[in-house]
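Please open the model in your viewer and take a short tour with me. We will go from selection to selection, with a word on what to look for at each stop.

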Amino acid sequence: MSFLAFEGIGKRFPGVVALDDVSFTVAEGSCHALIGENGAGKSTLGKILSGIYTADTGRLRLQGRPIAPESPLAARRLGIAMVHQELAFCPNLSIAENLCLGELPQRAGWVDRSALRARARQLLASIGADLDPDRLIGTLSTGLEQLVQIAAAVGTGAKVIVMDEPSSSLSAGETRELFRLVRTLKERRITIIYVSHRLEELFALCDTITVLRDGRHVATEPISSTRPDRVVSQMIGRDLRPETPTHLSRALGPVALTVNRLSSPGRFEDVSLTVRAGEIVGLAGLVGAGRSETLQAIVGLDPEAQGNVHVKDRPLRLGALEEALSAGLGLLPEDRKRQGLVLGMNCRENTSLAMLPLLSRLGWIRREKEQTLTRQYVARLRVKTPSLETTVAGLSGGNQQKIALAKWLARACDILLIDEPTRGVDVGAKAEIYQLLDELACEGKAILVVSSELPELLTLSRRILVMRQGQLVGEVAREHASEANLMHLMAGVAAH
Ligand code: ADP
Ligand code: MG
């Protein structure tokens with residue numbers, strides 16, 4: 001008899017099948033990974049187990065007994081708790097008050113403060129957390145707040161704890177703490193369902209891995225008998241493309257973008273570079289090196305920039321965004337929430353936003369053309385959206401990024417400046433975005449990519465430029481580039 005079993009679980013939301021006939025079992029005291037792309041149904045499954053949602057079909061069994069928790073409290077009584085990424089406590093109450101909310105110790109009708117504190121201290125100690133119970137929840141970092149959530153779960157006797165992407169907003173130090181805690185919980189035979197899309201983490205921590213894709217169960221396997229690349233293929237439903245992109249074997253076209261001695265006071269200085277048609281050039285550097293600022297100045301977003309920018313042979317007026325756009329430049333900014341997308345607009349509107357000048361040349365937006373183009377790019381990028389009329393704010397990070405890309409593709413620009421193409425997207429969407437950039441380069445687009453992830457630049461680029469403190473300090477050809485030598489250039493220390 002298995003400890004915990006999901007049997008044919010199904011759940012729909014309006015317009016989406018979130019889970020479809022999902023069955024697998026979880027062993028007692030194991031750390032069971034749940035992985036899948038954004039939107040695969042991981043959180044929904046956790047929420048069904050912890051009583052936040054009710055399944056439409058199927059059932060759960062705990063130690064052989066069917067269970068149907070109808071509320072988080074009912075789940076708690078069964079020994080099941082979920083640790084959320086988002087704030088789950090009252091920020092303006094203390095740790096002690098939050099931990100004891102359900103059962104405030106009372107004396108003669110008053111809350112017994114010292115009993116409250118003692119109980120909280122005991123709960124925190126039970127997971128080895130050294131926190132002042134009087135601190136307000138609102139003053140804690142996400143990591144510490146999660147710790148308090150875990151203390152609450154363990155303290156109320158949870159046997160099963162679902163952790164939904166627990167490390168996604170933790171610092172490296174906090175993540176180590178979390179791992180230590182997960183291991184301690186395992187020693188106590190507490191079963192953990194660990195949701196994450198960070199593969200290294202799952203391979204370091206978990207015993208078994210379940211992969212979901214588009215709401216369906218793909219595989220449940222012991223960690224020891226699978227491998228990261230296998231898991232990735234299971235997640236995205238096909239093999240990842242080979243490491244070497246196709247564009248590298250194509251001949252380069254003429255120079256598409258020339259930047260000559262571009263400077264902006266206090267931001268960057270004397271930047272000169274070229275990008276040829278069909279080329280992907282990477283731009284590496286530490287935070288503050290001036291990479292994003294350089295991209296912005298190239299497309300005309302920096303009124304103080306000086307120097308020369310040419311698109312093919314044509315000089316651009318600096319600071320003239322419209323002119324840069326009509327010359328065929330496009331910028332996909334770093335912070336897509338603030339700059340890249342209009343979150344309240346739907347996918348169709350967002351995709352066609354960048355090309356409005358082209359579409360409305362006749363004085364009105366040609367709906368039909370807009371629809372066609374959007375459908376084309378949404379399909380090409382495999383955006384998961386219930387319909388083109390869904391507002392972008394409701395989509396996952398990876399899908400938002402794809403829409404932002406689609407927006408520039410719909411404009412058919414020749415030169416793409418892309419800042420952090422895969423920030424916050426999962427491995428499947430990442431692979432798709434890499435593949436798309438490869439295809440675009442093969443079609444002859446000139447692409448300049450800023451990324452803080454060196455493996456990303458090493459995968460995509462034909463050559464990599466390095467900026468440090470506002471200046472270009474080096475260029476490394478793909479065949480000579482490594483994380484080590486790029487890092488040396490970025491940090492300004494000599495390579496050994
Ligand atoms: P994951 O956690 O794997 O990223 P989710 O379980 O959050 O995926 O979502 C699965 C699918 O269900 C997605 O398409 C998502 O948009 C949809 N979904 C999740 N929760 C809701 C909800 N409350 N209302 C409508 N749709 C939802
Ligand atoms: Mg989720």
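Which atom of ligand 1 does a backbone N or O atom of Gly41 lie 2.9 Å from? Select Gly41 together with ligand 1: the partner of that backbone atom is an oxygen atom of the ligand. Keep in mind throughout that this is a predicted model.

**Stop 1: around the ligand**

Add Lys42 to the selection, and you will find one of its polar side-chain atoms 2.8 Å from an oxygen atom of ligand 1. Then add Ser43, where an N or O atom of the side chain is 2.8 Å from an oxygen atom of the ligand. If you switch on a surface, note that ligand 1 taken alone exposes 560 Å², and that the protein buries 66% of this area.

Two elements give two or more residues to the shell, namely β2 (16-26) and α1 (42-49). Of these, α1 gives the most, with three residues. To see other parts of the surroundings, select residues including Phe13, Val16, Glu37, Asn38, Thr44 and Tyr53. Coloured by class, the shell shows five nonpolar, five polar and two charged residues.

**Stop 2: the four-stranded sheet**

Now follow β2 into an open sheet whose four strands are ordered β2-β1-β4-β5, with antiparallel pairing. Both β2 and β5 (65-67) are edge strands with a single partner each, so one side of each has no neighbour in the sheet. From one strand to the next, the twist averages 30°.

Select β4 (residues 57-62) and β5: three bridges join these antiparallel strands. Here Leu60 stands opposite Ile67 in β5. Bring α1 back into view, as this helix packs on the sheet and touches β1 (4-13), β2 and β4. The direction of α1 makes about 115° with that of β1.

**Stop 3: the six-stranded sheet**

Move on to another open sheet, with the order β18-β19-β20-β15-β21-β22 and mixed pairing. Its edges are β18 (329-332) and β22 (471-477); each has a single partner strand, so one side of each is left without a neighbour in the sheet. Direction ignored, neighbouring strands here are turned by 20° against each other on average.

Pick out β15 (residues 280-284) and β20 (residues 446-450), which run parallel and are joined by four bridges. Leu283 stands opposite Val450 in β20. Next, show helix α9 (residues 291-298), which packs on the sheet with contacts to β15, β18, β19 (415-419), β20 and β21 (463-468). Finish with helix α18 (residues 483-491), which touches β15, β21 and β22 and whose direction makes about 30° with that of β21.

Terms used. Residues numbered from 1 in each chain as written. Chains lettered and ligands numbered in written order. Predicted model: local features only at pLDDT ≥ 70, side-chain atom pairs only at ≥ 80, totals over all residues. Heavy atoms only, no water. Near = heavy atom within 4 Å. Polar contact = N/O pair within 3.5 Å; in protein donor to acceptor, adjacent residues only side chain to side chain. Areas by Shrake-Rupley, 256 points an atom, 1.4 Å probe, with all protein chains shown as cover. Nonpolar A, V, L, I, M, F, W, Y, C, P; charged D, E, K, R; others polar. Pairing = 2+ DSSP bridges. Axes fitted to C-alpha atoms, helices over the stretch in contact; angles between N-to-C directions. Contact = heavy atoms within 4.5 Å.
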